[in-house]
Amino acid sequence: MAVKHFAKTSNKRKQPFEDDAPPAPSLHVENLEMLSDEENDEDAASDDGHVDEFPEIDTRSDSDEEEDEDDSDDEEEEGENEAEDGSESDNSSLHVFPKAKTIVSDITGQPKRVYPEIEPDYDSDSSTEDAPNRVGNVPMHWYDDLPHVGYNIDGKKVLRPARGDELDKFLQTVEDPSSWTSAFDKTSQMDKPLTTEELDIIQRLYAGEVPDASYDPYEPMTEWFTGKGKEEIMPLSAAPEPKRRWVPSKWEKQKVMKIVRAIRQGRIIGSKPKTTSKFPVYSIWSEPSSSHPPPLPAPKPRLPTNSESYNPPEEYLPTEEERKEWEAQDVEDRERDYLPQKYSALRLVPAYDRFIKERFSRQLDLYLAPRIQRVKLNIDPSTLIPKLPSPSSLKPFPNYKSLTFTQPKGRARCISVSPDGAWVISGDEGGRVSLWEVNVGREVKSWDFGSKIGALEWCPRADVSYFVVTIEEAIHFLIPPNVPSSVFSLTEALLAPASLPPAPTTPSPVKWVSPPSSARSIDTPILTATLPPSSGLPTQVTWHRRGDYLATVSTGGTQGGVWIHQITRRHSQAPFKKVKGAVQMVLFHPLKPHFFVATQQYVRLYNLSEQKLLKTLTPGIKWISSMDVHPSGDHLIVGGYDRKLCWFDLELSDKPYKIMRYHTRAIRSLHFHPSYPLFASSSDDGAIQIFHARVYNDLMTDPLIVPLKILRGHEIRDGLGVLQVKWCSRQPWLVSGGADGTIAVCQNHSFDLWVNNSSDAYAILIHGEMIIFDPDIRGCTRKRSRSQKKTIMPSSPVQKQHGCIRETPGFNVNRKEGIAGTRSEPASLSVSSVAGSLKIVDVPVRSGLRVIHGKYNAGNFDVPITQRAGTPVDPPLN
Amino acid sequence: MGRLRQKGKAGAAKAYVTRSAAIKKLQCSLADFRRLCILKGIFPREPRNRKKANKGSSAPTSFYYAKDIAYLAHEPVLKKLREHKAFAKKLSRALGRGEWSSAKTLEDNKPVYRLDHIIKERYPTFIDAVRDIDDALCMVFLFASLPSNSRLPPELIENCARLSSEWQLYVMHSRSLRKSFLSIKGVYYQAEVMDQTVTWLVPYQFTQNIPADVDVRVMLTFLELYQTLLGFVFFKLYTDAGLVYPPPLDIKKDEGGAGVGAFSLQDASDRTSGPPPTKAKAVEIDGRKISGKDVRQTIKSINATAETTGIDVEMSEPNSNSEEVDEEFVAHPSKSDPQSSASLPTLKSLTDLPLSLSTSLFSPYTFYLSRETSRPIFEFLVRSFGGRIGWPASSGSGSPIEESDDSITHVIIDRPLVERTNETPEERERRLRRKYVQPQWVVDCINAGRILLEDAYAQAKTLPPHLSPFGEHQGAYDPAVGLTGEIAPAPAIEEDEESESEEQDIEIDNVEDDVERADKAALKAAAVAEDPAALWAAELAAEAAGVDFGTFEKEVTKSRKASKMTTRDTVEEAEKDMNKMMMSNKQKKLYEKMKYSERKRESERATLEAKKQAIQKQKKQEAKSKG
């Protein structure tokens, strides 16, 4: 207690100078860690002591509590002192923690320190309340998943008290009378009854009073310095009052007199009368204006239309759907900013709720919107379409599908027309190669190779007749059947000569093999060139115009897959060591020793004799699919998978002269007609586009390109349409192979077929010439007319077509333009025309037409007019 | 070799500045910049290449011409705005310190900018100004009808009301109103002033509230400019017409709600005889008019010097034209009307002739407004076409005509018909003498340029549709054509036939109906049949249905002809389509754009026509079912 007393006295002594200064540390060296609340408590107590000295303060309300506090303080201080005593008695050094024992652990066998257990009632600050949980102020949800809720002072886990379910809680509230005065304690995780003090606070808060019962808000004011008897009587300074306090200022007078004089002289006028902010208007335009041109006037707003009337015609009123659509739209997207409405009288028209908003948006337009002066185009849109010659003036071109040949084994990938234009070979993905006649479509011979045909091509030589087919890294040479013996022997001598040419000096990886003459047959190739293994299927074969060289492009392999083969020497060579990009196609120049190579994006032109690159053409196509060179050799067309077609004038530029995009899908194939000014492109959209393409010899005239005809009829299978198109060399006919396995021949003739209803006579009109077939007169008569075909009316026995059909209902002729159609069932009639000759195939037996001439044999019926064969109806144009 | 060109030193990079750069250069706030742009009429420009104008950045900004901004830098208004900024700082400091007297002095010497030079700059000639007052009039009329509040001081509203009344007075005086249109948005008026058409929109008389998403500051800035502009324009118009500007306001009448009537027009010569001749010299444009007026005024003053000064100019001058004629033919002082005196056709009489008819359209008539009709609208309309008009006291004071006046020929009434029970014979007689028309009649008469028959517009009748006098775009649907039935469009006739035949079908009994349907179907099949077999089949079907061969043949030939036409068309179309391949990309896009708008207009027209036909059919059916 001596220490305490000393502290108290020291506090008292220090009070006037520093109120809350901590006691001098020298006094409390021993209990450093105890420098806690107790000291403040002491201060408070000492303050209380001071307050007590003032007689005005009524401390009765506080007295008992103070005493309680004092009591508790005393107790604590006693404990403190005891602790101090203990510590002092233990040792004089600053030893805070209890001594540790060193024992040998029975788990590890190592010595370890063990501290004695802390006794809570001894040396502890809050001994009165045994709060076992020392977890501190941490969120309790950290312990949500754990069995304990914290640690006690010994570091032992405090287990979570058992908490019943909701029913238990409810029962507890019913059974326990004190449950309604208990609250959940977070640290102990259980309900604790509230103390009376706490309940008192709650009650006070509920009543809206000050929670602290000891606080008196209406304490009387303590007058420290003012009030009766505390007035200061003595002055602070004894100096006498200066003169300026009572003498008027001279300088002020001078200044005022200056103003007064100014006012008298009228230099200063009293505050101006309050003018309105308006300025007078005057004739502003009477003076000449500056020479600056005036700014452009803002565009005037749109004038109102009929639909804005308060009483519009009824047709302007929106229907229910239109109204809903208008309301569903965003305000910015609306075409009109109002809905037409109809009012029966003017007095019923309400205020327009968007009036101010519209004026505001107009002003925003005026000062925020950029203005551009636009030239209003007042032209007829049809004048934008270029004027081109009419297709009818550019005949001949194929305009209808005359026959269809079906490849049974899948997509007709490749076709080729013989140099004389009479035969077609076609190959499909099933490995079948068919040879058939262009005119009739009858298959003459077929070969089965068993795997996908890559490419096939006739040899362009006229004196020999053979074609090449590529399958699986092999190039087969085949001779068609029914070849005249002279041609056959020449071909055989060329492909399988008795004495083989000398082997090349540098050994080539390509093997040329022809079977011995004994094993030869019409079904097997007479010569086979095998490319090196893993070079892939040659997808393209192209001939040099002389027919001695042959270039192939394979899908895989090195050297870009390009090989050039020479037939007579049986020699193959790869012209490129390395090619940038994948080679898509190659072509021989028709006149010069040049070689076109199309990679994915570029077309390169090489000079084969000088072995150098001449040009690189950039079509701007992402992926080139096909190209063809004009027979003159000066123009090139390139088609791409990105639907573009580029026309290059090789003498003009490396850039395309014209880029066209008209197909809706990828372009698959292009071909120039060898003699007519035509070219065709086919695409995956199933269409074939025929163009008239005339080039001129003089350099000044641009080539004339006129679209002529779109031929459709191929089905689209798996996204593939027409895979290849080829022209017949001497006729404006087009052969096209589609992904649906059909090959169509499109020709340029048009028919009109007239059938008699009384006798079995026909009249057929071809290009202004009428030919009448009559079984009764056993022959045919011809009438020539220069006039249009529609005006010709045959002589009396021949009637209009539909009239005839009434008589012979089984006969069905599809009379679309240019197509003499077929009747498929039960018998069929098909009529086709070949360069002035007429053929009727499969004349039906049942319909009474069977005995037209009695020359019906082998399904092929030649009318006597075939003797006129050889004179083409349309002479070639160049 | 030329000098190396640096990027961003020439071209679009120099010609354009972004908005933020402009603000930085002018050293003013964004609000001040906006205010300047509004007052000076500077608007953003769209550079041809945004990237080039913005130093390679494609961020969304607005661009201004660098020269516009350079001119702005010397703008006196900008200087005043800067002064105002300093003033605002001083004032707030004074207020913060509680120095009330200095604050008051500051407030008294507040910097105020004037807009005269801007008006002169933006509109170098008077014609330019008149051409551009559309928006100004709309705004002034709108603000004249707004309630004042803390943001809209009452002086502003008052000034707007004054300006709108002055404009109406001028239009009425000069008889320059041409067209009017009652729309759902308000009333559109179109006047012809100085050969410029001026169109303005006046809201209906309801209290408008400024919506929250409208920036009032912007509107007030515009209004500031418009008020100044209109003040100068009106001054010029009034002085050119020999009138005093501003017209004196009768405050008592104004408080009684007289509106336009509270102002009185005063001849300028009565007050000051000096200025008008000098003005006439100054103004070349309509010097003729002024000189004529002056001559007349001098004659008048010679004749009756004892006349009262400050006489009001009579608003409705039915014989003003004859007076003008008098001026021209001084040697021929008879009071003949212009038509007869036009034996000597001068350019003036010829140009005036068609106008004189329409501008004095209502001059023989006297109108009385029923109390539910809007007085400002119809007073303006009637008086600007020479009519006299009166109204009950509930519509405002200052009515020149009492209801019991015998000269009243028309009563504009807009209420349903009710049976009158307690009616004195005097009232009844008066009612029978007058014509009761609905308000639309007045506007339709003005737009038609002649007096229409009143029967269609009689009280409580269903009104004919009210059409816009401003017309629609070229080739749009014209409801008037269908209404009068003069030239019905070709497709409409066909459709009519079809509808007729369909109606016949409806009339036919049910038993017959099926047969008829079948036979129609057969005929239709024949028309469709392209190939002979189908045709034959169709013929058989027709026979079975009982159609005789003659009609069948006819049908077939008709359909053939049609199909032939279509095939030829299709061939041509196909050729055109193919030729489109050879168009360049740019042309193709332009073509598609034009075609798109063409198709859109067509479809709009088609929907309106279809709706009209449906409505007509329905009406016919209703009439049938009734009768």
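## Strand S16 and its partners in chain A

A good place to start is a small piece of chain A, where strand S15 (residues 511-513) and S16(A) run antiparallel and are joined by 3 bridges. Within this pairing, Val513(A) stands opposite Thr528(A) of S16(A). As you look around, keep in mind that this is a predicted model. S16(A) also pairs with strand S14 (residues 474-478) of chain A, again in the antiparallel sense, over 4 bridges. Here Phe477(A) has Leu527(A) in S16(A) as its bridge partner.

Which residues of strand S16 (residues 527-530) of chain A are buried, and which are not? Leu527(A) and Ala529(A) point to one face and are buried, while Thr528(A) and Thr530(A) point to the other face and are not. This fits a general pattern: in a regular strand, side chains alternate between the two faces of the sheet.

## Chain A as a whole

Stepping back, chain A contains 10 helices and 42 strands. It has 878 residues, and 28% of them are buried. Taking the contacts in chain A between residues at least 6 apart in sequence, 48% join residues that are at least 24 apart.

## A hairpin in chain A

Another pair of strands to find is strand S23 (residues 603-607) and strand S24 (residues 612-617) of chain A, which are antiparallel and share 5 bridges. Tyr606(A) has Leu613(A) as its bridge partner in S24(A). Together S23(A) and S24(A) form a hairpin with 4 residues between them. In the turn, Gln611(A) has a positive phi of about 55°.

## A glycine in a loop

Now move to the loop between strand S10 (432-437) and strand S11 (443-448) of chain A, where Gly441(A) is found. Is Gly441(A) buried or exposed? The answer lies in between: Gly441(A) has 19 C-beta neighbours inside 10 Å, so this residue counts as partly exposed, since a buried residue needs 20 or more.

Gly441(A) touches Leu403(A), Phe405(A), Trp436(A) and Val745(A), leaving aside residues up to four places away in sequence. Its C-alpha atom is separated by 7.0 Å from that of Thr404(A), although the two residues are 37 residues apart along the chain.

## The nonpolar cores

The largest nonpolar core has 106 residues, and the members that touch the most others are Leu456(A), Phe596(A), Met627(A) and Val638(A). What does Phe596(A) touch, not counting residues up to four places away in sequence? Its contacts are Val586(A), Leu587(A), His589(A), Val603(A), Leu605(A), Met627(A), Val629(A) and Leu636(A). Apart from this core lies another one, of 104 residues, with Tyr64(B), Leu78(B), Leu201(B) and Cys445(B) among them.

## Chain B: overview and a three-stranded sheet

Chain B comes to 28 helices and 9 strands. Of its 627 residues, 30% count as buried. For contacts in chain B between residues at least 6 apart in sequence, 60% join residues at least 24 apart.

In chain B, 3 strands make an open antiparallel sheet in the order S3-S4-S5. Strand S3 (177-182) and strand S5 (196-202) of chain B are at the edges with a single partner strand each, so one side of each has no neighbour in the sheet. On average, and with direction ignored, neighbouring strands of this sheet are turned by 15° against each other. S3(B) and strand S4 (residues 187-193) of chain B pair over 5 bridges, and Leu182(B) has Val187(B) of S4(B) as its bridge partner.

## Two packed helices in chain B

Helix H3 (residues 30-40) and helix H12 (residues 216-240) of chain B pack at an angle of about 35°, and their axes are 9 Å apart. Their crossing is right-handed. H3(B) contributes Arg35(B), Ile38(B) and Leu39(B) to the contact, and H12(B) contributes Thr221(B), Phe222(B) and Leu225(B). By class, the residues of this contact are 4 nonpolar, 1 polar and 1 charged.

## Where the chains meet

Finally, how many residues of each chain are in contact with the other? There are 68 residues of chain A in contact with 85 residues of chain B. On the side of chain A that touches chain B, helix H8 (355-368), strand S32 (704-711) and helix H10 (801-807) each supply at least two residues. H8(A) gives the most, with 9 residues. This side of chain A has 40 nonpolar, 17 polar and 11 charged residues.

Conventions. Residues numbered from 1 in each chain as written. Chains lettered and ligands numbered in written order. Predicted model: local features only at pLDDT ≥ 70, side-chain atom pairs only at ≥ 80, totals over all residues. Core = buried A, V, L, I, M, F, W, Y, C linked by C-beta atoms within 7 Å. Buried ≥ 20, exposed ≤ 12 C-beta atoms within 10 Å, placed from the backbone. Contact = placed C-beta atoms within 7 Å. Nonpolar A, V, L, I, M, F, W, Y, C, P; charged D, E, K, R; others polar. Pairing = 2+ DSSP bridges. Axes fitted to C-alpha atoms, helices over the stretch in contact; angles between N-to-C directions. Left-handed = near helix turned anticlockwise from the far one by under 90°.
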